[in-house]
Amino acid sequence: MHMLKKFWSVLTAIPIYLLLALKMPKWFICAINKIRRGFLWKGSKDVNGGCCLVASLAWEKIMRLIDLGGLGILNLEVMGWALQMLWLCGNDTLFRSSRWLLGKSIEELAPNVFRTVTYLELWDAISDVHLSSSADIHRWKFESSGFFSSRSAYKAFFVGAIKFEPWKRLWKSWAPNKCMIFLWLAVRNRCWTVDRLQKRELPHPDYCLLCDQEEKNIQHVLTSCVFARKSWRKVQKHSKKEFNSLVILGAWFLWKHRNSCVFAGSAPNIQIAIQAFKDEANLWIAGGAKGVAGLQLVRIS
Ligand SMILES: [Zn+2]
């Protein structure tokens, strides 16, 4: 995630200062997002919609938190709301209009407070509340300290969203960004396999070039294809972060091998694919992924 963090810090931190003080118009947020997208997909400020696999995903989904299936790219509009809530939290707690009772204000809970029935209902609701003479303060329920933070306010806007279960196994691995993003796309079925090419009436192979069977989707290429199953059998099972990294690497090399067969006319060769996998794993080890070295995962028969 190093590249993504760098991307965030440079292109996202700048507008945050403005968002803290001002409500930015939509066109401004769109313009900044266009630059951010361009940088993410192409490393430049210009980007066209179809230039990359990732571009086929809605920007809104990409801006979700990583544990919710996004890339954790900051949603500037939501962050603007979260930052500006800071000003609201600085105000005094007011008996009638602050939301201090059952998560609501007295005005919301009992708009007709002066009517007898509503008054009695309010009396009931307030019976367990002990009022004191000291000044009231706001307690922010999304932080254990009770103090407001824009970070927790930003996360609170995603409460109720569906979790992306494999996020730790994916993003906390040793794998480089290109491999992690590939697998993230594969989980979302966003790789250009036959099913997607067919749907868009784009040229596509008639069958899987690795096994001569039908290539339905990315799941076939990575798991159910005979070539993939033979490859995975060479990887021993460990339930560690390092193992997750090598699964990501294995998926990446299966995809690369498939693409070399489709686009370069290469013949499928399991020894070549596994050797490339081993060479890359050795590069990771040389680059500091020491845990991978201890696993002795690959045995070439
Ligand atoms: Zn196949």
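**Exercise 1.** What percentage of the contacts with a separation of 6 or more is between residues 24 or more positions apart?

*Solution.* Keep in mind that you're looking at a predicted model. Start with the chain's contacts that have a separation of 6 or more, then pick out those between residues 24 or more positions apart: they account for 58%.

**Exercise 2.** Work out what the chain is built from and how much of it is buried.

*Solution.* Step one: go through the secondary structure, and you get 16 helices and zero strands. Step two: turn to burial, where 22% of the 301 residues count as buried.

**Exercise 3.** Find the largest nonpolar core and see which helices feed it.

*Solution.* Begin with the members: there are 35 residues, and Leu183, Ile248, Leu249 and Ala251 touch the most other members. Next, look at the suppliers: H10, H12 (218–224), H13 (226–232), H14 (241–263) and H15 (270–286) each give at least two residues to this core. Finally, H14 provides the largest share, with nine residues.

**Exercise 4.** Zoom in on Leu183 and its helix, H10.

*Solution.* First, place the helix: H10 covers residues 177–187, and its buried residues include Cys179, Phe182, Leu183 and Trp184. Then skip Leu183's neighbours within four places in sequence, and you'll find Leu183 in contact with Leu170, Ile248 and Ala251. To finish, step past the end of H10 to Asn189, which has a positive phi, near 50°.

**Exercise 5.** Which residues does the second, separate core include?

*Solution.* Look for a core of six residues; among them are Leu19, Leu76, Ala82 and Tyr154.

Note on methods:
Residues are numbered from 1 along each chain as its sequence is written. This is a predicted model: local features need pLDDT of at least 70, side-chain atom pairs count only at pLDDT 80 or more; totals for chains, interfaces and linings use all residues. A residue is buried if 20 or more other C-beta atoms lie within 10 Å of its own, exposed if 12 or fewer, and partly exposed in between; C-beta atoms are placed from the backbone. Helices (H or I, at least four residues) and strands (E, at least two) are DSSP runs, numbered from the N terminus. Two residues are in contact if their C-beta atoms, placed from the backbone, lie within 7 Å. A nonpolar core is a set of buried Ala, Val, Leu, Ile, Met, Phe, Trp, Tyr and Cys residues joined through C-beta atoms within 7 Å.
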